[in-house]
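Here is my note on the structure, point by point. Please read the points against the coordinates.

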Amino acid sequence: METISKVILSAGDVMPKIILSYTKMAANGDAKTSLENELPAGLIRERIPKHVAVIMDGNRRWAKKNGLPPKSGHTAMVPRLMEVVGLCCIWGIKVLTVYAFSTENWNRPQMEVDFLMELFERMLQENEGNFMRNEVRVSIIGNPVKLPVSLQDQIIKTTDTTKKNSKFHLLLAINYGGREDIVQACRNISRIVKDGLLQPEDVDESLFNNELGTSNAEFPYPDLLIRTSGELRLSNFLAWQLAYSELYFTETLWPDFGEREFIMALQSFQRRQRRFGGQDEEN
């Protein structure tokens, strides 16, 4: 517990330090330059994605690569997440959804699962102050019933404390599965139809989206999905919501994913033409 607490506390310093460094950059430039207008070279303000989704993969491989136990890789996940959150706040990204724990992850060794549950609880607990200072709203998507009671209580506390923050929205997918998300939405709509409050022909994409875990986000559909560690699959993450998302895969392991790697992902996104089934300007 003490080790986790120390790491989480140090991770909590990452987001304020990043924001402070960009504040100094703005102060050294034009007086009219605001923090939110500071973008790294090569990024275009108008093409910044509103919603980024991330599969934070490679924590255990990172630990093995560095001769450390698996839990060290999971612990190293937190500072990288807080760094990305801080960069999103600065660069104008409005929503970040991260895959923290899937419905399939329960198949891992019990000791590892218990460690992750404790890690999530302390991460939320120790970063509440940072979330409030930087106007970060935190939501959890996934089924909380199977989670430890203490983690459920912390989720309720953090989500309630931050619910009025409007600058940035962090969605943590814990005990989440994309297929389960779709099935649950179908069940909810079926009950409404069964009760005679809705006709089957009235069911459309908008109604369906309102029953998904991401429905409380201002921008529920990710513009960009980033997956680290070189794996080239979605792994049951946001199966409905990613239909038109741009996909970016990198060999970088999540604990090594920092500002440079994030910029590369955004640059790749900004070079693409998003046609949504239509045609580009040249055709």
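1. The loop between β5 and β6 holds S235, and N236 lies in that loop as well. The model is a predicted one, and both residues have backbone angles to check. Phi of S235 is near 55 degrees, a positive value in a residue that is not glycine. For N236 phi is near 65 degrees, again positive in a residue other than glycine. The side chain of S235 is neither buried nor exposed by the cut-offs used: its relative accessibility is 30%, so S235 counts as partly exposed.

2. Salt bridges come next. The whole structure contains 14 of them. Side chains of opposite charge can pair when their charged atoms come close. One network of salt bridges links D57, R61, R227, E231 and R233. Within it, R61 pairs with D57, and their closest N and O atoms are 3.2 Å apart. How do the two partners stand in terms of burial? D57 counts as buried because its relative accessibility is 15%, under the 20% limit. R61 has a relative accessibility of 37% and therefore counts as partly exposed.

3. E231 and R233 belong to the network too, and their side chains meet in a salt bridge with an N to O distance of 2.9 Å. E231 has a relative accessible area of 21%, so E231 is partly exposed; the cut-off for buried is under 20%, and a reader who sorts residues by class should keep the value in view. R233 is partly exposed as well, with a relative accessible area of 45%.

4. A further salt bridge joins the side chains of K163 and D160, at 3.0 Å from N to O. K163 counts as partly exposed because its relative accessibility is 46%. D160 has a relative accessible area of 43% and is therefore partly exposed.

5. The largest pocket has a volume of about 460 Å³. Its lining consists of 22 residues, and M56, D57, N105, R108 and R227 are the ones nearest the centre. Which elements give two or more residues to the lining? They are α3 (59-65), α4 and β2 (95-102). The largest share, four residues, comes from β2. Two of the residues nearest the centre, D57 and R227, are also members of the salt-bridge network in points 2 and 3.

6. Helix α6 covers residues 149-162. Its 14 residues reach 20 Å from the first C-alpha to the last, close to the 20 Å expected at 1.5 Å a residue. Its buried residues are L151, Q154, I155, T158 and T162. They cover an arc of only 105 degrees around the axis, so they are on the same side of α6. V149 and I156, on the other side of α6, are exposed. The buried residues of α6 pack against α5 (110-133) and β3 (136-141).

7. What does L124 contact, leaving aside its neighbours within four places in sequence? The contacts are F131, V138, L151, Q154, I155, T158 and L172. L124 itself is found in helix α5, and its relative accessible area is 1%, so L124 is buried. The C-alpha atoms of L124 and T158 are separated by 6.6 Å, although the two residues are 34 apart along the chain. L151, Q154, I155 and T158 are among the buried residues of α6, so the packing of α6 against α5 can be followed from the side of L124.

8. Helix α9 has twelve residues, 259-270, and should span 16 Å at 1.5 Å a residue. Its end C-alpha atoms are 16 Å apart, which agrees. Buried in α9 are E261, F262, I263, A265, L266, S268, F269 and Q270. These buried residues pack against α4 (70-91), β5 (224-227) and β6 (246-249).

9. E259 lies in α9. Its relative accessibility is 29%, so E259 counts as partly exposed. E259 and R80 are 179 residues apart in sequence, but their C-alpha atoms are 9.2 Å apart in space.

Technical notes. Residues are numbered from 1 along each chain as its sequence is written. This is a predicted model: local features need pLDDT of at least 70, side-chain atom pairs count only at pLDDT 80 or more; totals for chains, interfaces and linings use all residues. Side-chain values use heavy atoms; hydrogens and water are left out. The expected span of a helix is 1.5 Å times one less than its number of residues. Buried means under 20% relative accessible area, exposed over 50%, partly exposed in between (1.4 Å probe, protein chains only). Contact means heavy atoms within 4.5 Å. A salt bridge is a side-chain nitrogen of Lys or Arg within 4 Å of a carboxyl oxygen of Asp or Glu. The arc is that of the directions from the helix axis to the C-beta atoms. On a 1 Å grid over the protein atoms alone, a cavity is a set of points where a 1.4 Å probe fits but cannot get out, and a pocket is an open set with protein on both sides within 12 Å along at least five of seven lines; lining residues have an atom within 4 Å of a point. Grid points are joined across faces, edges and corners, and a volume is the space filled by probe spheres set on the points.
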